[in-house]
Amino acid sequence: MTTDQKISRREVLTAGLAATGSVLAATTASAVPAPAIVSSQPNIAGRRFRAWVSQGEGLDRTKLETLTMLPITGRQVAVRTQAASLCYTVSSDVLGLPRGAFGAPDLAHQLHVPPPSPQYEEFRRMALIQGHGGVGIVEAVGPDVRRVRVGDRVCVSGTPQCGSCYQCLRGRADMCQFLGHQGPKDLVALATRDDGTPVYVNSHIGGLAEMMVSFEEWVVPIQSEAPSHLLSMVCSCTSVAGLGCTVSQTLATIGPSASVAVVGCGPLGLTAVQGARIAGASIIIGIDPIRVRREVAQKVGATHVLDPNAEGDHLLDTVREITRGKTDYLWGGGRNWNASGSGPDFVVEAAGANRAKPMLEDGPDPTGLLPMQQAYLMCAPGGHLVTTSLPVGNISLPSGTFSLGGRSQHAGQAGGMNPMRDIPRFVALLDSGQFDAKSLATTVVPLEGMIDAYREVLNRTTIQAHIRLSA
Ligand SMILES: [Zn+2]
Ligand SMILES: [Zn+2]
């Protein structure tokens with residue numbers, strides 16, 4: 001009788017981990033024992049650290065302060081920040097812009113932007129460290145943490161993955177149940193001001209501080225010696241979404257030699273251009289009003305670039321012409337059934353609304369709705385569209401095309417990536433040189449330079465800005 005016959009399947013199911021543990025102990029006696037998982041909580045409580053704390057209203061709502069760490073417990077992980085990327089989405093929260101400014105004072109009113117939600121108002125009142133994650137070294141873990149250990153280099157991801165909810169188990173970790181537990185009441189203070197005010201972190205992640213405190217669901221161990229600011233790019237929200245929608249293949253697959261269009265070539269779009277190249281696309285069209293961004297798109301993989309301002313109403317025709325097959329006729333292997341039926345097999349939409357008027361070339365629509373409509377309509381029948389940006393207002397589409405056009409639209413929160421599976425993959429793409437992060441990392445500043453760097457992000461005079469605290 002072999003060892004695994006000594007215990008029935010029913011016993012395994014009823015006794016659970018204890019029973020399987022005994023089987024594993026018996027069958028792996030000759031194997032090298034796994035190192036013990038060490039829960040460690042050094043003197044993290046009481047430590048002083050610097051953080052950019054946002055609170056209240058006004059252009060000076062974010063200030064560099066020195067705080068005192070609180071103890072951690074349970075599944076919490078304390079990480080010494082090495083670098084973080086500055087995400088455009090929170091630029092107005094960091095810089096204190098009125099909600100819905102868009103660089104045009106009357107526009108929010110004209111668009112009937114709804115008033116801020118009570119939750120938004122509550123976030124504005126809290127003392128909050130902003131940021132969408134970063135990279136660093138684990139300094140302390142709560143007693144229940146299994147995923148990482150003290151001393152590990154880790155990514156604090158913009159998206160959690162618990163591994164046991166329905167979404168994680170069905171292969172949609174980008175929709176993990178933990179995403180729904182980031183409201184004001186869910187946050188746990190990580191530190192206090194000298195007057196005792198509790199200080200929290202945005203979405204359990206933060207990043208604009210010398211320390212990040214998260215839960216293990218948001219933390220991914222990584223094995224890389226790459227510079228911290230480049231790692232922070234493939235760890236936090238922006239490039240993760242760009243690589244997620246093109247490389248992860250959760251939402252849709254870019255087939256060999258596919259044609260791809262990327263609408264909006266900011267840091268997310270320029271990452272998607274690279275992901276399309278890595279995935280084997282033969283035609284990659286980068287579309288952006290900013291000349292410098294189009295030049296970078298060509299450098300990192302775009303075969304064609306288009307300026308939506310110069311193309312005007314002809315943008316879709318030009319894209320269709322680029323992607324039209326050479327044998328596009330009956331019995332010739334053609335793929336399109338009418339003039340408007342051609343287009344890219346795969347479209348990534350990454351334009352979005354202006355938080356302020358850019359200091360470089362502005363696009364045709366500050367709400368971001370027009371680029372999203374164009375992205376949908378330029379997609380070929382049978383093709384896939386991943387939308388990643390945050391326009392303002394409601395999108396309208398021709399209903400016939402919506403039902404009969406054969407396009408599949410996918411919502412691209414984190415590009416559909418699975419953090420524990422894909423972030424190590426993205427790190428490997430960085431380490432192997434397949435993902436060119438250096439060409440996108442156009443601003444790198446120490447912690448003290450964060451506000452000036454965020455103004456560059458808001459003005460769109462940089463591509464991806466980072467704070468770097470250590471190498
Ligand atoms: Zn973000
Ligand atoms: Zn989950």
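**Exercise 1. The chain as a whole**

What percentage of the 471 residues of the protein chain count as buried?

*Solution.* This is a predicted model: local features need pLDDT of at least 70, side-chain atom pairs count only at pLDDT 80 or more, and totals for chains, interfaces and linings use all residues. Residues are numbered from 1 along each chain as its sequence is written, chains are lettered from A and ligands numbered from 1 in the order in which they are written, and side-chain values use heavy atoms, with hydrogens and water left out.

Step 1. Set the cut-off: buried means under 20% relative accessible area, exposed over 50%, partly exposed in between (1.4 Å probe, protein chains only).
Step 2. Apply it: 53% of the 471 residues count as buried.
Step 3. Add the secondary structure. The chain has 16 helices and 18 strands. Helices (H or I, at least four residues) and strands (E, at least two) are DSSP runs, numbered from the N terminus.
Step 4. Turn to contacts (heavy atoms within 4.5 Å). Among those between residues at least 6 apart in sequence, 73% join residues at least 24 apart.

**Exercise 2. Zinc ion, ligand 2**

Identify the protein donors of the zinc ion (ligand 2) and classify its site.

*Solution.*
Step 1. Donors are N, O and S atoms within 2.8 Å of the metal (3.2 Å for Na, K and Ca); water is not among the atoms, so sites may look incomplete.
Step 2. Cys162, Cys165, Cys168 and Cys176 each donate through SG, at 2.3 to 2.4 Å from ligand 2.
Step 3. Check the angles. Among the 4 donor atoms they run from 104 to 118 degrees, and the site is tetrahedral. Four donors count as tetrahedral if all angles lie between 85 and 135 degrees.
Step 4. Read the spacing along the chain: C-x2-C-x2-C-x7-C.
Step 5. Place one pair, 11 residues apart: Cys165 is in the loop between β6 (153-156) and α6 (166-169), and Cys176 in the loop between α6 and β7 (191-192).
Step 6. Cys165 is buried at 5% relative accessibility; Cys176 is buried at 1%.

**Exercise 3. Zinc ion, ligand 1**

Which residues coordinate the zinc ion (ligand 1), and through which atoms?

*Solution.*
Step 1. The donors are Cys87 (SG), His132 (ND1) and Cys237 (SG), at 2.0 to 2.3 Å.
Step 2. Their spacing is C-x44-H-x104-C.
Step 3. Cys87 lies in the loop between β3 (76-85) and α3 (91-95), while His132 lies in the loop between β4 (128-129) and β5 (134-141), 45 residues apart.
Step 4. Cys87 counts as buried at 8% relative accessibility, and His132 does at 16%.

**Exercise 4. Helix α15**

Where do the buried residues of α15 fall, seen down its axis?

*Solution.*
Step 1. Helix α15 covers residues 419-431, 13 in number. Its span from first to last C-alpha is 18 Å, close to the 18 Å expected. The expected span is 1.5 Å times one less than the number of residues.
Step 2. Pro419, Asp422, Ile423, Phe426, Val427, Leu429 and Leu430 are buried.
Step 3. They fall within an arc of 155 degrees, so they line one face of the helix. The arc is that of the directions from the helix axis to the C-beta atoms.
Step 4. These residues pack against β6, β10 (219-221), α7 (228-235), α8 (237-248) and α9 (267-279).
Step 5. Gly433 follows α15, with a positive phi near 85 degrees.

Notes. Tetrahedral: all angles 85-135°; square planar, octahedral: opposite > 155°, others 65-115°.
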